[in-house]
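Let's take a walk through a protein together, starting from the outside and working inward. Keep the picture in view as you read.

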Amino acid sequence: MRERPDNPGYAAACNEGISLLADTCGAILALNPDTELLPGAIEAMADFLAAHPRVGLVGPRLLNPDHTLQRAAFRFPDLITTALDLFPPGEVLPGRLYDSWWHGRYPAELGDAPFPIDYPLGACMMVRSATIGEVGLMDEDYFMYCEEIDWCRRIKQAGWAIWQVPAAQVIHVGGAATGQFRWRMQVALWRARARYTAKFGGRGLRYAHTALVTLGMLRLIGKAWRDYFSGRIDRDSLRGQLLAYGLILRTTGNLAAQPVAKATG
């Protein structure tokens, strides 16, 4: 075990571990601390990589602590998935859209056969060392969120495939978190989304993303005030939400105006 006195972010911490192992291991397992590997999970992922030489990364089937399915296979986010995140199915838009292809889900995740995906939830990923050698490490400018999406995008651009292997099962406690509002996490999420869009999208997509996030934050600001006046949240909760939404608006606009270096592959 290697400990650090600081918190450099998920991508930077993973990169440090990967750099220590990539030259001596055929594949690397990136695993969150809030996970539990069920028997045979590592073997199932490793066997799949061994049997499919052009698959660069695999993810397992994630389960909640009660062993119900936790969605862990997704399409790369676009404006439609962003809209569904900001105007949630069942709250603003029709609820049937939540588990749909439009929301980045794969119907095949309800079955038991392996299937190709764009990216897995980053709680557990097994990556071929040769793939890492070709595409590089995670982008450390993502402190939290979207680092696995960015990495998988570059992996697929380089011609490698990504699959989910349902025979590999992993319990992920994080998926069972409560709905308590944590404003720092909300800011980190939308900052990462803005960076991802700026990195992989053209100018038109960046500005469309900014406009969509702006509308979404304005809706949430209005909702926060309604919840406060109706007694559903207290003053401290209102203050935290308004702070988060204001920071998200500022960050999204700044990243849209100053795009990061384009990804190639």
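How much area does the chain expose, and what share of it do carbon and sulfur atoms supply? This is a predicted model, and in it the chain exposes about 13400 Å². Carbon and sulfur atoms supply 57% of that area.

Now for the overall build. You can pick out 8 helices and 9 strands in the chain. The chain runs to 265 residues, and 46% of them count as buried. It's also worth asking who touches whom. Take the contacts between residues at least 6 apart in sequence: 78% of these join residues that are at least 24 apart.

Next, let's head inside. In soluble globular proteins, nonpolar side chains tend to be buried together. Here, the largest nonpolar core has 29 residues. Leu57, Met125, Val127, Trp151 and Ile155 are the ones that touch the most other members. Several helices and strands each chip in at least two residues, among them α1 (10-21), β1 (27-31), β8 (124-128) and α6 (183-200). Which element gives the most to this core? That's α5, with 4 residues.

Stay with Met125 for a moment. Leaving aside residues up to four places away in sequence, Met125 touches a whole list of others, including Ile28, Leu29 and Ala30. Leu57 and Trp151 are on that list too, and both of them are among the core residues with the most contacts to other members.

Trp151 brings us to α5, which spans residues 147-157. This helix is mostly covered, with 8 of its 11 residues buried. The buried set includes Ile149, Trp151, Cys152 and Ile155, but Glu147, Glu148, Asp150 and Arg154 belong to it as well.

Now look at what sits on either side of this helix. Cys146 lies in the loop between α4 and α5. Its phi is near 70 degrees, a positive value in a residue other than glycine. Is Cys146 buried or exposed? Its relative accessible area is 4%, and buried means under 20%, so Cys146 is buried. Just after α5 comes Gly159, which takes a positive phi of about 95 degrees.

One more stop: His67, in the loop between β3 (55-63) and β4 (69-70). His67 isn't a glycine either, yet it has a positive phi of about 75 degrees. How does its cover work out? His67 has 48% relative accessibility, which lies between the 20% and 50% cut-offs, so it counts as partly exposed.

Key:
Residues numbered from 1 in each chain as written. Predicted model: local features only at pLDDT ≥ 70, side-chain atom pairs only at ≥ 80, totals over all residues. Heavy atoms only, no water. Buried < 20%, exposed > 50% of the residue type's maximum accessible area, 1.4 Å probe, protein only. Contact = heavy atoms within 4.5 Å. Areas by Shrake-Rupley, 256 points an atom, 1.4 Å probe, with all protein chains shown as cover. Core = buried A, V, L, I, M, F, W, Y, C linked by side-chain atoms within 4.5 Å.
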